[in-house]
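Student: Please take one part of this structure and go through it closely. I would like one connected account rather than a list of features.

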Amino acid sequence: MRTNEARAVSFVVPCYNEAPASVRDTINALSATMEAVPQTSYEIIAVNDGMPQESVPQFQESAISWIHHETNQGYGASLMSGIARSRYDWIGIIDADGTYPVDHFKRFCEFTQEYDMIVGKRNPSDIGGLKRFPKYVLQLVASFIADFTIPDLNSGMRLFKKDIAVKYARLFPKRFSFTTTLTMICITNFYKVRFVDIPYYKRIGKSRIRPINDTVRFFSLVLRLALYFRPLRFFVPLSAFVFVLAVARGVRDVLAVNHFGGLTLVLFFMAFQIFFFGLIAEIISKK
């Protein structure tokens with residue numbers, strides 16, 4: 001391990017259902033990559049999230065340590081366990097399934113002086129067809145809420161400052177949405193984020209993603225984050241939509257019966273009420 005503290009990174013590698021050979025190759029490649037980065041200290045924290053002990057590969061390097069969960073707690077819980085154990089101010093995360101190019105961390109480290117988070121941006125064509133469409137729709141929704149074009153919302157390869165995760169620890173879910181939450185937190189709170197193009201490989205081992213259930217959870221998460229960080233981005237369009245319905249209903253009432261009906265008045269009231277709910281939520285979020 002390097003001893004120069006010019007740049008220090010704690011890597012957290014969550015492990016569950018990955019082939020032991022894939023875990024070993026990922027960690028070995030990570031160690032070799034960081035040894036080649038000048039003026040950099042690093043440690044590697046691998047988190048066994050409920051795998052049988054016989055499936056856990058062993059390493060001789062002192063820079064590598066293990067955290068063992070007796071039962072499966074989830075991707076987000078594994079990352080937070082590693083972050084809690086980490087010693088350094090920068091956190092690096094990567095999946096152990098062979099999908100990400102470990103050697104690109106060397107390039108990521110070049111941006112740590114200027115940015116708060118560096119994210120590996122995958123090419124959409126490299127992502128499986130069943131996952132591509134919901135991810136695309138989710139990115140559009142998240143980009144609208146954040147008022148920022150997000151090229152890759154939930155990439156599992158990134159570097160970020162540890163204090164971001166510590167400050168917003170209460171918002172991170174235990175399951176798959178850790179990276180989505182982190183991306184939204186950084187962008188909506190004006191942290192400097194750099195997206196770096198990376199290749200994305202076919203997974204080695206069994207996938208834990210359930211496209212339908214996880215997509216529903218992702219959308220639910222983005223809406224919750226919108227209400228927490230950018231409530232007006234949610235309430236104003238909703239209020240405008242209800243107001244348009246009220247106007248349309250009002251025109252229909254005037255033409256049909258020459259006065260406003262009860263539904264028209266209810267819709268007008270709802271539109272203004274939603275708008276003022278948004279203002280109140282915005283004030284609370286700023287506090």
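**The buried pair and its surroundings**

Tutor: Asp152 and Arg122 are both buried. Keep in mind throughout that this is a predicted model. The two residues form a salt bridge, in which the closest N and O atoms are 2.9 Å apart. This pair connects distant parts of the chain, since Asp152 belongs to the loop between α4 and β6, Arg122 belongs to strand β5, and 30 residues separate them. Side chains of opposite charge can pair when their charged atoms come close. A search of the whole structure finds seven salt bridges, and the one between Asp152 and Arg122 is a useful place to start, with the strands and the loop around it to follow.

Take the strands next. Strand β5 covers residues 117-122 and is joined to β6 by three bridges, the two strands running antiparallel. Within this pairing, Ile118 stands opposite Leu159 in β6. Strand β6, residues 158-161, also pairs with strand β4, residues 90-93, through four bridges, and here too the strands run antiparallel. In that second pairing Ile91 is opposite Phe160 of β6. Strand β6 is thus joined to β5 and to β4. In a regular strand the side chains alternate between the two faces of the sheet.

A second salt bridge also involves β6. Lys161 pairs with Asp116, and their closest N and O atoms are 2.9 Å apart. This pair, too, links distant parts of the chain: Lys161 is in strand β6, Asp116 is in the loop between α3 (105-108) and β5, and they are 45 residues apart. The two partners fall into separate exposure classes. Asp116 counts as buried because its relative accessibility is 13%, under the 20% cut-off for that class. Lys161 counts as partly exposed because its relative accessibility is 27%.

Now return to the loop between α4 and β6, which holds Asp152 and also Asp147. Asp147 is exposed, with a relative accessible area of 56%, whereas Asp152 is buried. The backbone at Asp147 deserves a check, as its phi is positive, about 55°, although the residue is not a glycine. Most residues other than glycine have a negative phi, and most peptide bonds are trans.

Asp147 has a salt-bridge partner as well. Arg233 pairs with Asp147, the closest N and O atoms being 3.9 Å apart. Here the link is between Arg233 in helix α8 and Asp147 in the loop between α4 and β6, distant parts of the chain that lie 86 residues apart. Arg233 is partly exposed, at 26% relative accessible area.

That contact leads to α8 itself. Helix α8 spans residues 231-257, has 27 residues and reaches 38 Å from its first C-alpha to its last, close to the 39 Å expected at 1.5 Å a residue. Its buried residues are Pro231, Phe235, Ser239, Val242, Ala246, Gly250 and Asp253. For that pattern a general point helps: an α-helix has 3.6 residues a turn, so residues three or four places apart point the same way. Asp253, one of the buried residues of α8, is linked with Arg249 and Arg252 in a network of salt bridges. Just after α8, Asn258 takes a positive phi of about 65°.

The last feature to place is the second largest pocket, which holds about 200 Å³ of space. Its lining consists of 14 residues, and Pro124, Lys135, Tyr136, Gln139 and Pro151 lie nearest its centre. Helix α4, residues 129-146, gives the most to this lining, with six residues. Sorted by class, the lining has six nonpolar, four polar and four charged residues.

To put the part together: the loop between α4 and β6 supplies Asp152 to the salt bridge with Arg122 of β5 and Asp147 to the one with Arg233 of α8. Strand β6 supplies Lys161 to the pair with Asp116, and β6 is also joined to β5 by three bridges and to β4 by four.

Note on methods:
Residues numbered from 1 in each chain as written. Predicted model: local features only at pLDDT ≥ 70, side-chain atom pairs only at ≥ 80, totals over all residues. Heavy atoms only, no water. Expected span 1.5 Å × (residues − 1). Buried < 20%, exposed > 50% of the residue type's maximum accessible area, 1.4 Å probe, protein only. 1 Å grid on protein atoms, 1.4 Å probe; cavity = no way out; pocket = protein on both sides within 12 Å on 5 of 7 lines; lining within 4 Å. Points joined across faces, edges and corners; volume = space filled by probe spheres on them. Nonpolar A, V, L, I, M, F, W, Y, C, P; charged D, E, K, R; others polar. Pairing = 2+ DSSP bridges. Salt bridge = Lys/Arg side-chain N within 4 Å of Asp/Glu carboxyl O.
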